[in-house]
Amino acid sequence: MAIPSGSGTEVLKVSLVNQASGTAENVLINGVANHLYTILSVCMTNTDGSPSNINLFIKDDGGATDYYLLKSHAVDSYGTFVWSDKFVMEGTDELVFQTDLSEVFSVVTSYIDQDWT
């Protein structure tokens with residue numbers, strides 16, 4: 001993505017994913033070309049009665065490579081983990097949440113979407 005030189009918009013947004021479970025990839029943010037995303041926090045709550053391991057990662061453009069922020073991080077039953085380190089994604093990158101087993105999670109992601117289209 002080129003460095004923006006024109007005007008654009010900057011909006012604070014939230015992504016809500018309920019019942020994220022299993023080894024399926026749950027897309028929290030599906031990036032769009034000419035956008036920059038500043039992720040402020042990701043709150044992941046285990047709503048199941050069993051402990052689980054969670055993964056949080058970025059899929060690069062085209063989804064060929066996964067870049068892990070969390071890999072097999074343990075969360076107790078009914079426990080919560082908050083990722084509060086800020087990071088940036090660009091363009092068509094995706095932010096993805098996944099569990100190692102079949103436990104159910106609710107995931108709330110707060111982020112800034114800068115649109116340069």
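A residue is called buried when its relative accessible area is under 20%, exposed when that value is over 50%, and partly exposed in between. Aspartate 113, with a relative accessible area of 5%, is therefore buried. The structure described here is a predicted model.

**Confidence**

The chain has a mean pLDDT of 90, and 94% of its residues reach 70 or more. Confidence is lowest in strand 1, at a mean of 90, and highest in strand 6 (residues 80-83), at 97. Where pLDDT is low, predicted coordinates should not be read in detail.

**Nonpolar core**

The largest nonpolar core has 21 residues, and those touching the most other members are Ile39, Val42, Met44, Leu95 and Val107. At least two core residues come from each of strand 1 (9-21), strand 2 (26-30), strand 3 (35-46), strand 4 (52-59), strand 5 (66-75), strand 7 (87-90), strand 8 (94-99) and strand 9 (104-115). The most is given by strand 3, which supplies four residues. In soluble globular proteins, nonpolar side chains tend to be buried together.

Valine 107 illustrates the packing. With residues up to four places away in sequence not counted, valine 107 touches Ser15, Leu16, Val17, Ala20, Leu28, Val42, Cys43, Met44 and Phe97. Two of the core residues named above, Val42 and Met44, are thus also among the contacts of valine 107.

**Salt bridges**

Three salt bridges are found in a search of the whole structure. Side chains of opposite charge can pair when their charged atoms come close. The table gives each pair with its N to O distance.

| Basic residue | Acidic residue | N to O distance |
|---|---|---|
| Lysine 13 | Aspartate 113 | 3.0 Å |
| Lysine 59 | Glutamate 25 | 3.7 Å |
| Lysine 59 | Aspartate 66 | 2.8 Å |

In the salt bridge between lysine 13 and aspartate 113, lysine 13 belongs to strand 1 and aspartate 113 to strand 9, so the pair ties together parts that are 100 residues apart in sequence. The two partners differ in burial: lysine 13 is partly exposed, with a relative accessible area of 35%, whereas aspartate 113 is buried at 5%.

Lysine 59, in strand 4, has a relative accessible area of 11% and so counts as buried. Its salt bridge with glutamate 25 links distant parts of the chain, since glutamate 25 sits in the loop between strand 1 and strand 2 and lysine 59 in strand 4, 34 residues apart. Glutamate 25 is partly exposed, at 39% relative accessibility.

The other partner of lysine 59 in a salt bridge is aspartate 66. Aspartate 66 is partly exposed as well, at 27% relative accessibility. Through shared partners, the salt bridges join Glu25, Lys59 and Asp66 into one network. The side chains of lysine 59 and aspartate 66 also make a polar contact, at 2.8 Å. Apart from neighbours within four places in sequence, lysine 59 is in contact with Glu25, Thr65, Asp66, Asp93, Glu94 and Val96.

**Aromatic pairs**

The structure has four aromatic pairs. One of them joins tyrosine 37 and tyrosine 111 in a tilted arrangement, with 6.1 Å centre to centre and 55° between the planes. Tyrosine 37 is in strand 3 and tyrosine 111 in strand 9, so this pair ties together parts that are 74 residues apart in sequence. Tyrosine 37 and tyrosine 111 are both buried.

Phenylalanine 57 and tyrosine 68 form another tilted pair, at 4.9 Å centre to centre with 40° between the planes. This pair links phenylalanine 57 in strand 4 to tyrosine 68 in strand 5, eleven residues apart. Phenylalanine 57 counts as buried, at 0% relative accessibility, while tyrosine 68 is partly exposed, with a relative accessible area of 35%.

**Asparagine 55**

Asparagine 55 is another residue of strand 4. With a relative accessible area of 2%, asparagine 55 is buried. A polar atom of the asparagine 55 side chain lies 2.7 Å from the backbone nitrogen of serine 72. The same side chain makes a polar contact with the side chain of aspartate 100, at 3.1 Å. Outside four places in sequence, the contacts of asparagine 55 are Tyr68, Leu70, Lys71, Ser72, Val96, Phe97, Gln98 and Asp100. Val96 is thus in contact with both asparagine 55 and lysine 59.

Notes. Residues numbered from 1 in each chain as written. Predicted model: local features only at pLDDT ≥ 70, side-chain atom pairs only at ≥ 80, totals over all residues. Heavy atoms only, no water. Core = buried A, V, L, I, M, F, W, Y, C linked by side-chain atoms within 4.5 Å. Buried < 20%, exposed > 50% of the residue type's maximum accessible area, 1.4 Å probe, protein only. Contact = heavy atoms within 4.5 Å. Polar contact = N/O pair within 3.5 Å; in protein donor to acceptor, adjacent residues only side chain to side chain. Salt bridge = Lys/Arg side-chain N within 4 Å of Asp/Glu carboxyl O. pLDDT = per-residue confidence, 0-100. Phe/Tyr/Trp six-rings, centres within 6.5 Å; stacked < 30°, edge-to-face > 60°.
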